[in-house]
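Open the structure in your viewer and keep the selection tool ready. The stops below are meant to be followed in order.

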Amino acid sequence: MAAVAVSMRALSGNAVALPFVCPFDSQSDFEMFSVKDNDGDGSTWFYDASAGNVTSGGAWGTPDDWLLFPELTLQGGRESSTS
């Protein structure tokens, strides 16, 4: 079986306005985010279509993998939070 390779994804275009809600239940939701395999082990965040969610393949050792939010548009003078 051939090895699987994934290129770094990056959001281009306009920033996302608030409120921002992402259920992570589709590949297109996942593609709004950028993935950084900082430890270079090839095992990192991916969309699992069979489970319908986003998961990390780097669960062993000391994983150093990042799932980065798309650029968000914040307004001055307003408090914003994430959850």
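The tour starts with the whole chain and then moves to single residues and pairs.

**Whole chain**

The model is predicted. Colour it by secondary structure: the chain has 1 helix and 6 strands, and along the sequence these follow the pattern β-α-β-β-β-β-β. Next, switch on a surface. The chain exposes about 6300 Å², with carbon and sulfur atoms supplying 53% of that area. Of the 83 residues, 19% count as buried. If you draw a contact map, look at the pairs at least 6 apart in sequence: 50% of these contacts join residues at least 24 apart.

**The loop between β1 and α1**

Select proline 19, which sits in the loop between β1 (16-17) and α1 (27-30). The peptide bond joining leucine 18 to proline 19 is cis, with omega at about 0°. Move along to phenylalanine 24, which is in the loop between β1 and α1 as well. Its phi is positive, about 55°, although phenylalanine 24 is not a glycine. As background to both stops, most residues other than glycine have a negative phi, and most peptide bonds are trans.

**The aromatic rings**

Stay on phenylalanine 24 and show side chains. How many aromatic pairs does a search of the whole structure find? The search returns 4. In one of them, the ring centres of phenylalanine 24 and phenylalanine 33 are 4.8 Å apart and the planes meet at 40°, so this pair is tilted. Are the two partners buried or exposed? Phenylalanine 24 is partly exposed because its relative accessibility is 23%, whereas phenylalanine 33 has a relative accessible area of 4% and is therefore buried; the cut-off for buried is under 20%. Now add Phe20 and Phe69 to the selection: ring pairs link Phe20, Phe24, Phe33 and Phe69 into a cluster.

**Aspartate 29 in the helix**

Select aspartate 29, in helix α1. With a relative accessible area of 13%, aspartate 29 counts as buried. Display the neighbours of this residue, leaving out those within four places in sequence: aspartate 29 is in contact with Cys22, Pro23 and Phe24. Phe24 is thus met again here, after its part in the ring cluster. Then place a distance label between the side chain of aspartate 29 and the backbone of aspartate 25. A polar atom of that side chain lies 3.3 Å from the backbone nitrogen of aspartate 25.

**Serine 34 and strand β2**

Go to serine 34, which belongs to strand β2 (residues 34-37). Serine 34 has 13% relative accessibility and so counts as buried. Which distance separates serine 34 from phenylalanine 69 in space, C-alpha to C-alpha? The two are 6.8 Å apart in space and 35 residues apart in sequence. Phenylalanine 69 is also one of the rings in the cluster visited above.

**The hairpin of β3 and β4**

For the last stop, select residues 45-48 and 53-56, which are strands β3 and β4. These strands pair in the antiparallel sense over 4 bridges. Pick tryptophan 45 and look across to β4, where serine 56 stands opposite. Then select the turn: the hairpin has 4 residues between its strands, and glycine 52 has a positive phi near 70°.

Key
Residues are numbered from 1 along each chain as its sequence is written. This is a predicted model: local features need pLDDT of at least 70, side-chain atom pairs count only at pLDDT 80 or more; totals for chains, interfaces and linings use all residues. Side-chain values use heavy atoms; hydrogens and water are left out. Rings of Phe, Tyr and Trp (its six-membered ring) pair if their centres lie within 6.5 Å; planes under 30 degrees apart count as stacked, over 60 as edge-to-face and the rest as tilted. Buried means under 20% relative accessible area, exposed over 50%, partly exposed in between (1.4 Å probe, protein chains only). Helices (H or I, at least four residues) and strands (E, at least two) are DSSP runs, numbered from the N terminus. Contact means heavy atoms within 4.5 Å. Accessible areas come from the Shrake-Rupley method with a 1.4 Å probe; for residues, only the protein chains shown count as cover. Two strands pair if DSSP finds at least two bridges between them. A polar contact is a pair of N or O atoms within 3.5 Å; within protein, one must be able to donate a hydrogen and the other to accept it, and residues adjacent in sequence count only if both atoms are side-chain atoms.
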